[in-house]
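Q: I am new to this structure and would like a close look at a single part of it. Please take one residue, describe its setting, and then work outward to the rest.

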Amino acid sequence: PMRTLWGGALGGIAFGIAVWLVLAMLIAMPMMGEGVFGYKTESARSAILSLGLHVLFGGLLGLIYIP
């Protein structure tokens with residue numbers, strides 16, 4: 001079960017990072033006028049916070065998802 005637990009959590013984290021990269025950083029932020037990875041904000045704070053929240057969400061999703 002521990003191997004499955006870590007596999008699920010790590011898979012969820014990978015999913016969260018993929019969603020963050022493609023949907024949040026490459027699509028949503030430019031549509032909001034902040035540029036790719038929010039470079040127009042002159043601060044990495046929003047991108048890093050967004051990454052952290054996507055990793056947290058993905059990890060929890062991987063832990064609770066049962067195929």
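**A loop residue and its surroundings**

A: Phe37 is found in the loop between α1 and α2. The model is a predicted one, and the protein in it has two helices and zero strands. Phe37 counts as partly exposed because its relative accessibility is 37%, which falls between the limits of 20% for buried and 50% for exposed.

The backbone at this place deserves a comment. Most residues other than glycine have a negative phi. Phe37 is not a glycine, yet its phi is positive, at about 60°. Glu42 also has a positive phi of about 60° without being a glycine. Glu42 is likewise placed in the loop between α1 and α2. With a relative accessible area of 77%, Glu42 is exposed.

Next comes the side chain of Phe37. A pair of aromatic rings is described by the distance of the centres and the angle of the planes. The count of aromatic pairs comes to one. The ring centres of Trp20 and Phe37 are 5.8 Å apart and the planes stand at 65°, so the pair is edge-to-face, the term for planes over 60 degrees apart. This pair links distant parts of the chain: Trp20 belongs to helix α1 (residues 2-31), Phe37 to the loop that precedes α2 (45-64), and 17 residues separate them. Trp20 counts as buried because its relative accessibility is 11%, under the 20% limit.

From Trp20 the picture leads to the core. The largest nonpolar core has five residues: Trp20, Ala24, Met25, Met29 and Ala47. Helix α1 gives the most to this core, with four residues. In soluble globular proteins, nonpolar side chains tend to be buried together. Met25, a member of this core, also has a contact with Phe37. Apart from neighbours within four places in sequence, the other residues in contact with Met25 are Trp20, Pro30, Val36, Ala47 and Ser50.

Ser50 has its place in helix α2. Its relative accessible area is 17%, so Ser50 is buried under the 20% limit. Not counting residues up to four places away in sequence, Ser50 touches Trp20, Ala24 and Met25. Those three residues are members of the largest nonpolar core.

Away from the core there is a nonpolar patch on the surface. The patch covers about 910 Å² and is made by Phe15, Leu49, Leu53, Leu56, Phe57, Leu60, Leu61, Leu63 and Ile64. Its largest share, eight residues, comes from α2. One of the patch residues is Leu61, which has its place in helix α2. At 31% relative accessibility, Leu61 counts as partly exposed. Phe15, another residue of the patch, lies in helix α1. Phe15 counts as partly exposed, with 45% relative accessibility. The C-alpha atoms of Phe15 and Val55 are separated by 8.3 Å, although the two residues are 40 apart along the chain.

Some totals put these parts in context. Of the 67 residues of the protein, 21% count as buried. The protein exposes about 4,900 Å², and carbon and sulfur atoms supply 77% of that area. Among contacts between residues at least 6 apart in sequence, 59% join residues at least 24 apart.

Notes: Residues numbered from 1 in each chain as written. Predicted model: local features only at pLDDT ≥ 70, side-chain atom pairs only at ≥ 80, totals over all residues. Heavy atoms only, no water. Phe/Tyr/Trp six-rings, centres within 6.5 Å; stacked < 30°, edge-to-face > 60°. Buried < 20%, exposed > 50% of the residue type's maximum accessible area, 1.4 Å probe, protein only. Patch = residues over 30% accessible without salt bridge, like charges linked within 9 Å, V, L, I, M, F, W, Y side chains within 5 Å. Areas by Shrake-Rupley, 256 points an atom, 1.4 Å probe, with all protein chains shown as cover. Salt bridge = Lys/Arg side-chain N within 4 Å of Asp/Glu carboxyl O. Contact = heavy atoms within 4.5 Å. Core = buried A, V, L, I, M, F, W, Y, C linked by side-chain atoms within 4.5 Å.
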